[in-house]
Each structure stands twice: as C-alpha cells, then as structure tokens.
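This report describes how the parts of one protein chain are arranged in space. Please keep the sequence and the structure in view while reading.

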Amino acid sequence: MDVKQDVVSIDDLVRTVVANANFEGADKGKLVVFEGSRNASVRGDRSLLQSVFENVVRNALRHTPSGTTVTISAKQAADDTLVVVVEDCGPGVPEAQIEEIFKPFVRGDYARNRASGGYGIGLAIAHAAVRKHGGTITAANRTNGGFCVKISLPILKS
Ligand SMILES: Nc1ncnc2c1ncn2[C@@H]1O[C@H](COP(=O)(O)OP(=O)(O)O)[C@@H](O)[C@H]1O
Ligand SMILES: [Mg+2]
C-alpha cells in the first residue's frame with residue numbers, strides 16, 4: 001500500500017491529540033503535557049500518523065493513575081530523525097511481554113481485566129503505520145516506574 005504524501009507538522013498533530021486526551025482525562029484528574037521542542041515535519045499520511053499518536057497517548061492515559069501526568073516530548077535525534085516520547089506513570093508491562101504488545105490482539109492481563117479499552121490492535125496498527133513512514137516504534141519500562149513509548153520518524157528536509 002502506498003503512503004499518502006502530505007507534509008505533516010508533528011507539532012500540530014501532537015497538539016491536536018493532546019487537546020483531545022486532556023478533554024478525556026480531565027474528569028479523572030489526568031493531565032497530558034506536551035513538551036514540544038523541535039517543530040519538524042514528516043512526509044506521509046496525516047490521518048494515519050494521527051492515529052498512531054492517538055493510540056499511544058490513549059494507552060498512556062488509560063494506564064496512568066488518576067492525578068498523574070502523561071508527558072510527551074518531541075526532540076531531534078542527531079541523524080535527522082524526530083523522536084516523540086510518550087511517558088506515563090502506570091504499571092508498565094512485564095519485560096518479557098514488551099515485544100509482544102506490538103502484535104495484533106495481544107493485551108496485557110491488566111488491560112484484559114478491564115471493561116474499557118480496545119481489542120489489542122492499537123499498537124499493531126501503530127507499528128505498521130510507523131514502519132510505512134520509514135520510522136520505528138519501541139517501548140520500555142521507565143526506571144522509576146511507568147511506561148515509555150518512543151516513536152522515531154524521518155524529518156522532512158525543508
Ligand atoms: N502505557 C501502557 N502502560 C501499560 N501497558 C500498556 C501501555 N500501552 C500498552 N500497554 C499494553 O499493551 C497492550 C496492547 O496495547 P494496544 O495494542 O493498544 O491494545 P489495547 O489498548 O486495545 O489493549 C495493552 O493491552 C496493555 O497490556
Ligand atoms: Mg490501545
């Protein structure tokens with residue numbers, strides 16, 4: 001499948017996702033903060049890229065406890081790559097399952113036992129979409145608790 005060739009401002013895109021997420025999280029006292037720094041553009045499919053960030057930010061918002069903050073940052077890596085990092089204060093994922101969560105229909109026990117949430121395809125779709133744009137998506141537990149998802153995308157040279 002060909003990828004559309006929009007010029008997509010990641011800053012604008014993430015700000016839209018953050019506004020929606022803050023609306024969603026407000027009643028539980030959850031805050032989403034965007035520490036944008038590098039306003040880079042990426043060539044690709046705007047709505048597909050938006051769905052990537054929506055999925056990842058929604059996951060973070062769901063798992064972060066009430067009264068905590070989800071933090072998103074966008075930074076340029078040395079090699080013309082934009083790195084967007086989404087961090088929460090939730091339980092994280094057992095180390096052995098971290099690679100599995102990018103496969104379709106894989107959901108953690110914690111998520112499976114909850115009435116809310118999706119079907120375990122959000123990260124699989126995100127993984128495929130990021131790869132189509134020449135990027136990578138990885139995840140890790142944070143050293144002091146919480147989960148961290150890192151999305152790297154090639155910056156469009158102006
Ligand atoms: N921020 C997060 N904190 C803890 N677990 C997460 C987080 N994001 C994803 N996961 C785990 O990865 C699984 C797969 O995520 P996803 O593909 O988005 O499916 P879904 O959101 O429908 O459960 C989730 O069920 C959950 O177990
Ligand atoms: Mg999800």
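The text below treats a sheet, then two helices and their packing, and lastly three single residues.

## The sheet

The model is a predicted one. Its open sheet has five strands in the order E2-E4-E5-E7-E6, and the pairing is mixed. Strands E2 and E6 occupy the edges with a single partner strand each, so one side of each has no neighbour in the sheet. Direction ignored, neighbouring strands of this sheet are turned by 15 degrees against each other on average.

Strand E7, residues 147-154, shows how a strand can present two faces. Its covered face consists of Phe147, Val149, Ile151 and Leu153, while Cys148, Lys150, Ser152 and Pro154 make up the uncovered face. This pattern illustrates a general rule: in a regular strand, side chains alternate between the two faces of the sheet.

Which strands pair with E7 in the antiparallel sense? One is E5, which is joined to E7 by seven bridges. Along this pairing, glutamate 87 has cysteine 148 of E7 as its bridge partner, and valine 86 stands opposite valine 149. Another is E6, residues 136-141, which runs antiparallel to E7 and is joined to it by six bridges. Here threonine 136 has serine 152 of E7 as its bridge partner. E6 and E7 form a hairpin with five residues between them. In its turn, glycine 145 has a positive phi of about 100 degrees.

## Helix H1

Helix H1 comprises residues 10-25, and its buried residues can be listed: Ile10, Leu13, Val14, Val17, Ala21 and Gly25. These residues lie on the same side of H1, because they cover an arc of only 95 degrees around the axis. The spacing follows from helix geometry: an α-helix has 3.6 residues a turn, so residues three or four places apart point the same way. On the other side of H1, Ala19 and Phe23 are exposed. The elements that cover the buried residues of H1 include strands E1 (6-9), E2 (31-36), E3 (41-44), E4 (69-77) and E5 (81-87), together with helix H2 (46-63).

The lengths of H1 and H2 can be compared with the span expected at 1.5 Å a residue.

| Helix | Number of residues | Expected span | Distance between end C-alpha atoms |
|---|---|---|---|
| H1 | 16 residues | 22 Å | 22 Å |
| H2 | 18 residues | 26 Å | 26 Å |

For H1 the two values agree, and for H2 the reach is close to the expected one.

## Helix H2 and its partners

Many residues of H2 are buried, among them Leu49, Val52, Phe53, Val56, Val57, Ala60 and Leu61. The buried residues of H2 also include Asn55, Asn59, Arg62 and His63.

How do two packed helices come to be described? In general, the angle between their axes and the distance between the axes are used. The axes of H2 and helix H4 (residues 122-132) come within 9 Å and cross at roughly 140 degrees, and this crossing is left-handed. At the contact, Leu48, Ser51, Val52, Asn55, Val56 and Asn59 of H2 meet Gly122, Leu123, Ile125, Ala126, Ala129 and Val130 of H4.

## Three single residues

Is asparagine 22, in helix H1, buried or partly exposed? It counts as partly exposed, because it has 17 C-beta neighbours inside 10 Å, whereas a buried residue needs 20 or more. Beyond its neighbours within four places in sequence, asparagine 22 is in contact with Leu31 and Val32. Its C-alpha atom is separated by 20 Å from that of isoleucine 151, a residue 129 places away along the chain.

Alanine 74 belongs to strand E4 and counts as buried, because it has 20 C-beta neighbours inside 10 Å. Apart from neighbours within four places in sequence, its contacts include Ile10, Asp11 and Val14, as well as Leu82 and Val84. The C-alpha atoms of alanine 74 and arginine 46 are separated by 17 Å, although the two are 28 residues apart along the chain.

Glycine 135 lies in the loop between H4 and E6. It is buried, because 20 other C-beta atoms lie within 10 Å. Glycine 135 and leucine 153 are 18 residues apart in sequence, yet their C-alpha atoms are 4.4 Å apart in space. Not counting residues up to four places away in sequence, glycine 135 touches Val130, Ile151, Ser152, Leu153 and Pro154.

Technical notes
Residues numbered from 1 in each chain as written. Chains lettered and ligands numbered in written order. Predicted model: local features only at pLDDT ≥ 70, side-chain atom pairs only at ≥ 80, totals over all residues. Helix = DSSP H or I, 4+ residues; strand = E, 2+ residues; numbered from the N terminus. Expected span 1.5 Å × (residues − 1). Buried ≥ 20, exposed ≤ 12 C-beta atoms within 10 Å, placed from the backbone. Arc of directions from axis to C-beta. Contact = placed C-beta atoms within 7 Å. Pairing = 2+ DSSP bridges. Axes fitted to C-alpha atoms, helices over the stretch in contact; angles between N-to-C directions. Left-handed = near helix turned anticlockwise from the far one by under 90°.
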